[in-house]
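Hi,

Here is the structure I said I would pass along. Have a look at it first, and my notes follow underneath.

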Amino acid sequence: MSESKRTPRDRDELAIAEQVLEVASAAASGADIEVAADRTRLALSRFANSGIHQNVADDTLTVRVRLHAAGRTASGSSTLTNTDGLRALVERSVQAVGVAPVDPGWPGLAPVSPAPDVAPVDVAAGDATPGDRAERIRAFVDAAGGLETAGYCRTSHWTGAFVNSAGQSIRGESAEVGMDGIARLAGTDGVARKASSRLADIDGGVLGARAAAKAHAAADPVELPPGRYEVVLEPTAVSDVLQNLAVYGFNGKMVADGRSFAEVGADQLDPSVTLVDDAPGVGSSHDLDGTPRQRLVLVDRGTTVAVAYDRRTAAEAGAESTGHATGMTSWGAFAAHLGLKPAAGTGHEDFAAEVDGPVAEAATAALVANVERGVLVTDLWYTRVLDTKSLAITGLTRNGVWLIEDGEVTQPLSNFRFTQSYRDALAPGAVLGIGGVAEPQPDSWVSARWTAPALHLASWNFTGGASG
Amino acid sequence: MSEFETAEAAVQAALDAGASYADARMMHRRYESMTARNGEIEDLSQDEDLGIGVRALVGSGWGFYAAPDLSDAAARNVGEQAAQIAHASARVAARQTELMPGEVASGSWSSDCQSDPLGISLADKGNLLAGATGTMREHGADIAEGLYQIWDTRKWFVSSEGHRIDQHIRECGAGISSTVIGDGETQRRSYPAARGQYGTRGWELVDELDLPGNAARVAEEARALLAAPQCPAGETTLILGAEQLALQIHESVGHAIELDRILGWEAAFAGTSWLDLAQLGSLQFGSELMNITIDPTIPGALGSFGFDDEGTMAARRDAVRDGRWVGVLAGRDSASVAGLEYAGSVRADGWSRLPMVRMTNVGLEPGPHTLDEIIAATDDGIFMETNRSWSIDDRRLNFQFGCEVGYEVKHGKLGQLLRNPTYTGIGPQFWRSMDMLSSDIVAWGTPNCGKGQPGQIGHTGHPSAPARFTDVRVGVRA
């Protein structure tokens with residue numbers, strides 16, 4: 001039986017974008033025009049009760065047009081990419097911009113700027129088959145040693161191009177592989193997940209064994225009274241901290257609105273914290289405005305040095321776009337490839353060595369060894385913001401919580417609910433240690449990537465047991 | 001080729017490639033949204049997508065493939081690819097998949113729509129949002145925001161069993177919110193709900209909301225919150241407004257009764273459920289005032305349709321009757337596994353996504369009281385309304401909600417305003433404590449229900465009314 005293969009197309013994305021720009025320029029002479037063509041081949045094999053139960057793929061080309069004319073702006077998109085469909089998209093956009101309300105905040109078009117240099121796409125990842133995904137799931141299930149398992153293996157391949165009427169022309173290509181799974185034992189779960197741009201980096205057997213070891217170590221949990229505890233957050237949990245910092249903290253629109261705590265130039269986080277948005281080859285090479293993505297340091301040794309902007313929010317702030325337009329205007333601009341810089345000189349910088357038991361790898365174990373009494377947390381789940389300014393967040397622990405005593409994991413715990421300001425958790429003096437290895441974590445949003453080491457924090461506010 | 005002929009070609013190709021069952025959904029969707037901010041339009045977007053998705057069953061495994069190409073050859077390729085993916089599923093086989101027998105339906109269905117929302121001029125719609133946000137700004141909002149969204153969806157469904165169904169569903173809704181920036185915190189008031197109100201109706205829904213008429217009040221309430229005292233911490237009697245209770249129903253009842261969660265199919269991501277099928281029909285979920293129905297036939301509610309996305313005709317069903325758990329949200333495959341004889345709650349977010357168990361309209365039947373009677377009967381408590389944050393565990397037991405606004409209730413009357421109201425609890429304990437329920441039911445629409453991998457956004461409806469709960473923990477904060 002042959003496997004799914006890339007469907008050939010008679011035109012690449014750049015040719016399609018240029019054709020639409022030509023049609024739009026003729027229909028709306030003098031307008032600012034942007035055209036983006038993006039083809040995504042997304043495939044995801046999902047397993048539960050140790051068998052593949054959902055197995056999906058799609059191959060979708062979407063063309064987006066944004067017009068600004070006579071002070072008014074309209075945008076639209078279509079998956080109808082034959083000649084008639086694209087012409088209809090242009091006509092609809094031209095009609096809309098003629099009657100749209102006035103848009104005084106239009107920032108103008110992105111200037112000509114080249115695409116960033118990135119490594120060539122891993123062909124194996126880009127052309128991964130259902131068989132490739134099933135092979136990794138088979139290995140995960142087998143490595144779990146008979147425990148019930150669930151999760152997914154995902155592959156995606158993106159090719160895209162952006163052109164505008166100011167002469168900007170940019171194209172890119174990327175591929176992503178992600179795997180995320182749990183092993184289950186008598187009501188407790190252990191988890192392992194990893195993301196990479198290379199198919200060969202995803203070893204279902206390694207992840208399945210890790211998840212199973214954590215599930216075994218989580219068996220027979222006990223309740224610990226709510227309160228403030230010292231914590232070690234594993235990289236899986238730290239990715240949630242990074243995501244919330246990116247979306248609500250270092251988001252140029254949130255800052256301009258006064259809804260964020262971030263203040264450029266201020267010493268806001270612990271001096272051990274450096275946050276960098278940088279994942280070359282992950283997701284699109286350019287943002288929705290056509291600005292090339294670039295490495296952006298947001299926090300340098302505790303000092304906020306930048307926030308993320310798209311063209312609109314940058315213009316409002318009197319700043320330059322950092323290439324972080326998301327296409328979701330009401331959300332503003334945020335860094336979707338945020339990483340916490342791992343600690344140097346720990347001896348764990350080069351690899352994430354597997355260790356037995358609840359602690360997934362040696363770099364995290366080194367942080368646990370420094371805790372006299374505290375809590376080890378694998379995942380933070382269903383986190384929601386109570387107040388953006390303080391970044392007060394509530395959520396729950398998931399997939400494993402353990403008591404640490406005298407540098408050793410001594411007891412699995414039942415899940416907690418917490419209500420904690422993420423800003424305060426990372427405040428000066430609050431970070432007691434950072435792991436030496438940063439692991440890329442897959443996100444539900446394929447083009448996002450959170451790269452996190454473990455974190456040792458002085459205090460985390462557990463406000464209740466999850467069972468009541 | 002007609003839409004049905006294209007879909008039939010795709011199904012036939014899947015059967016030719018070895019599928020024992022296949023179905024195809026062709027969908028054409030137009031989406032329009034506009035946002036306004038501080039009296040000016042911020043964004044206008046008009047999107048259109050058209051494509052076909054095929055679900056094929058080979059042995060014990062499903063395969064799904066989708067593409068926007070609609071030529072005969074392309075449609076056949078979609079069917080073949082779906083079958084090939086299903087073959088790969090067999091390498092890590094799940095238990096044998098069977099479909100619950102059901103009526104093979106043919107028919108058409110359209111939602112009611114008095115005023116086509118895509119037919120209203122952009123200028124009029126823009127002026128509505130710009131005017132309302134401008135008014136909020138004038139009345140004290142630091143950030144005044146407005147939003148409307150419109151979906152116009154046509155879909156054609158065929159299956160290898162002979163289904164042949166087309167539907168036209170129009171949905172729209174809108175809302176406004178005011179945010180004020182204080183010293184170290186923000187406050188927000190929204191109308192009519194945190195994300196607006198939505199339904200399977202025309203623009204008349206938005207007209208009836210009267211956004212301009214509520215703009216000044218919303219802004220002034222947001223400003224007043226900055227000076228209000230914190231919601232006290234402790235256990236008290238809690239009265240919830242209908243919009244907040246709608247989300248409570250969504251999170252702690254709707255998701256908990258999804259059969260795919262109960263069967264463990266969502267264990268690694270969305271989670272499971274605290275409910276055990278062995279207790280279906282006997283478990284006391286809530287107080288005797290708690291009557292929850294699954295009803296996709298409610299005219300105008302956001303979770304309404306004529307047929308679900310595997311061809312089952314819409315039908316009303318009890319989920320909780322007199323407080324006892326009696327029904328689930330199911331699809332044909334999950335119903336077969338569970339030994340149940342009903343399905344009808346499977347939907348997909350567009351042609352490129354696999355249909356899965358989703359809420360339809362899951363909500364309360366009316367109670368015997370009014371909100372005034374509930375407040376008058378409360379000696380000491382807190383009234384909260386309008387959702388601000390929501391969080392619940394992966395078994396749908398432990399929840400914590402934040403609301404935009406709270407009021408003291410003292411000696412049967414509303415008292416002073418309270419800021420940052422939150423409450424937390426355990427689902428069945430909370431529902432068993434419901435001792436008063438209003439008769440004033442509104443079907444609130446939730447247009448942003450996330451589930452599945454790849455992620456899907458579902459549109460759900462939740463009939464709800466103000467209600468009272470006893471001994472609830474409130475005032476949790478960082």
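In what order do the four strands of the open sheet in chain B lie? The order is β12-β11-β10-β15, and the pairing is antiparallel. Before you read on, please keep in mind that this is a predicted model.

**The sheet in chain B**

At the edges of this sheet you will find β12 (324-325) and β15 (362-364) of chain B, each of which pairs on one side only. Strand β11 (residues 317-321) of chain B is joined to β12(B) by two bridges in the antiparallel sense. If you want a spot to zoom in on, V320(B) stands opposite W325(B) in β12(B). Helix α6 (residues 242-254) of chain B packs on the sheet, where it touches β10 (292-294) and β15 of chain B. The direction of α6 makes about 115° with that of β15(B).

**Where the chains meet**

Between the two chains, 83 residues of chain A are in contact with 69 residues of chain B. On the chain A side, strand β2 (residues 51-69) gives the largest share, eleven residues. Sorted by class, that side of chain A has 31 nonpolar, 36 polar and 16 charged residues.

There is strand pairing across the chains too: strand β3 (residues 72-78) of chain A and strand β2 (residues 40-58) of chain B run in the parallel sense over four bridges. Within β2(B), D47(B) is the residue that S77(A) stands opposite.

**Two helices in chain A**

Next, take a look at helix α4 (residues 130-143) and helix α5 (residues 204-217) of chain A. Their axes come within 7 Å and cross at roughly 30°, and the crossing is right-handed. Among the residues making the contact are I137(A) and F140(A) from α4(A), with L207(A) and A212(A) from α5(A). By class, the contact residues of these two helices are eight nonpolar, three polar and two charged.

**A lysine to look at**

Is K194(A) buried or exposed? K194(A) counts as buried, because 22 C-beta neighbours lie inside 10 Å. You will find K194(A) in strand β6 (residues 188-196) of chain A. Setting aside neighbours within four places in sequence, K194(A) is in contact with M179(A), I202(A), L207(A), E439(A) and P440(A). One of these, L207(A), also belongs to the α5(A) side of the helix contact. In addition, K194(A) and T451(A) are 257 residues apart in sequence, while their C-alpha atoms are 10.0 Å apart in space.

Happy to talk any of this through.

Best wishes

Technical notes
Residues are numbered from 1 along each chain as its sequence is written. Chains are lettered from A and ligands numbered from 1 in the order in which they are written. This is a predicted model: local features need pLDDT of at least 70, side-chain atom pairs count only at pLDDT 80 or more; totals for chains, interfaces and linings use all residues. A residue is buried if 20 or more other C-beta atoms lie within 10 Å of its own, exposed if 12 or fewer, and partly exposed in between; C-beta atoms are placed from the backbone. Two residues are in contact if their C-beta atoms, placed from the backbone, lie within 7 Å. Ala, Val, Leu, Ile, Met, Phe, Trp, Tyr, Cys and Pro count as nonpolar, Asp, Glu, Lys and Arg as charged, and the others, Gly among them, as polar. Two strands pair if DSSP finds at least two bridges between them. Axes are lines fitted to C-alpha atoms, for helices over the stretch in contact, and angles run from 0 to 180 degrees between N-to-C directions. A crossing is left-handed if the near helix is turned anticlockwise from the far one by less than a right angle, and right-handed if clockwise.
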